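Trainee: I would like a close look at a single part of this protein, taken slowly. Please start inside and work outward from there.

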Amino acid sequence: MMTRVVVIGDGMAGTRLVQELRRRDPGRGLCITVVGAEADAGYNRVLLSQVLAGALDVDEIGLASPAWYSAEDVTLLTGRTAEWIDRAGRLVGLADGTVWPYDVLVLAPGSRPWIPPIPGLPAASGEPAGAASRTAPNPGAGAALQCTPMGSAGTEGGTGIAGS
């Protein structure tokens, strides 16, 4: 009988876990499903500043390609979010209405940026002039980018923007 593993999160931790599970499961006794909120497969967020600086292309920071997931018999569900978990029934419900049964559930959702409640800061007030992102950038030609450094990641992002 196959063990059904559902991993919520296709970031660095979730992807690395799935790669290691497959490496340790050559007989394919695990039926693995990965749920990722972003439209594409996971990537190395640490290198986002290098993408902003133009030193790397966004395609170069991928963790595992969709082809890898397919070759390794891992179901990759991108652009989807988990809405609920029924621990007693061992089910995960996604926002698109699908329900995935599991024997083992792994929560590796990553994090979201926090906007401090600073008066006048557009993103804090809900105005559309500001936004926070930890996703792969695709601002388009001529787009203006602004970074307010908050910790090492913000400083790296600002350095990347300044270098582009």
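**The central strand and its surroundings**

Mentor: Leaving aside residues up to four places away in sequence, V18 touches V7, I32, V34, W68 and V74. Keep in mind that this is a predicted model. V18 is a useful way in, since V18 belongs to the largest nonpolar core, a set of 10 residues. The other members are V5, V7, L30, I32, V34, A41, A64, Y69 and V74. Two elements give two or more residues to this core: β1, residues 3–8, and β2, residues 30–35. The largest share, three residues, comes from β2. There is also a second, separate core of seven residues, and V6, V35, L94 and Y102 are included in it.

β2 is therefore the part to look at, and T33 is a residue found in that strand. Is T33 buried or exposed? Its relative accessibility is 3%, and the cut-off for buried is under 20%, so T33 counts as buried. Again without residues up to four places away in sequence, T33 touches V5, V6, V7, T75, L77 and W100. Of these contacts, V5 and V7 are listed in the largest core, while V6 is in the second one.

Now the sheet. Strands of a sheet pair through backbone hydrogen bonds, either parallel or antiparallel. Here four strands form an open sheet in the order β3-β2-β1-β7, with parallel pairing. The edge strands are β3, residues 74–77, and β7, residues 104–107, and each of them pairs on one side only. From one strand to the next, the twist averages 15°. On the β3 side, β2 pairs in the parallel sense over four bridges. T33 takes part there: its bridge partner in β3 is T75, a residue that T33 also touches.

Across the sheet lies helix α1, residues 12–23. This helix lies across β1, β2, β3 and β7, and it runs at about 165° to β2. V18 falls within the residue range of α1, and its contacts include I32 and V34.

To place this part in the whole: the protein chain has five helices and seven strands, following the pattern β-α-β-α-α-β-β-β-β-β-α-α along the sequence. Buried residues make up 26% of its 164 residues. Among contacts between residues at least 6 apart in sequence, 59% join residues at least 24 apart. The accessible surface of the chain comes to about 10100 Å², and 55% of that belongs to carbon and sulfur atoms.

Terms used:
Residues numbered from 1 in each chain as written. Predicted model: local features only at pLDDT ≥ 70, side-chain atom pairs only at ≥ 80, totals over all residues. Heavy atoms only, no water. Buried < 20%, exposed > 50% of the residue type's maximum accessible area, 1.4 Å probe, protein only. Contact = heavy atoms within 4.5 Å. Areas by Shrake-Rupley, 256 points an atom, 1.4 Å probe, with all protein chains shown as cover. Core = buried A, V, L, I, M, F, W, Y, C linked by side-chain atoms within 4.5 Å. Pairing = 2+ DSSP bridges. Axes fitted to C-alpha atoms, helices over the stretch in contact; angles between N-to-C directions.
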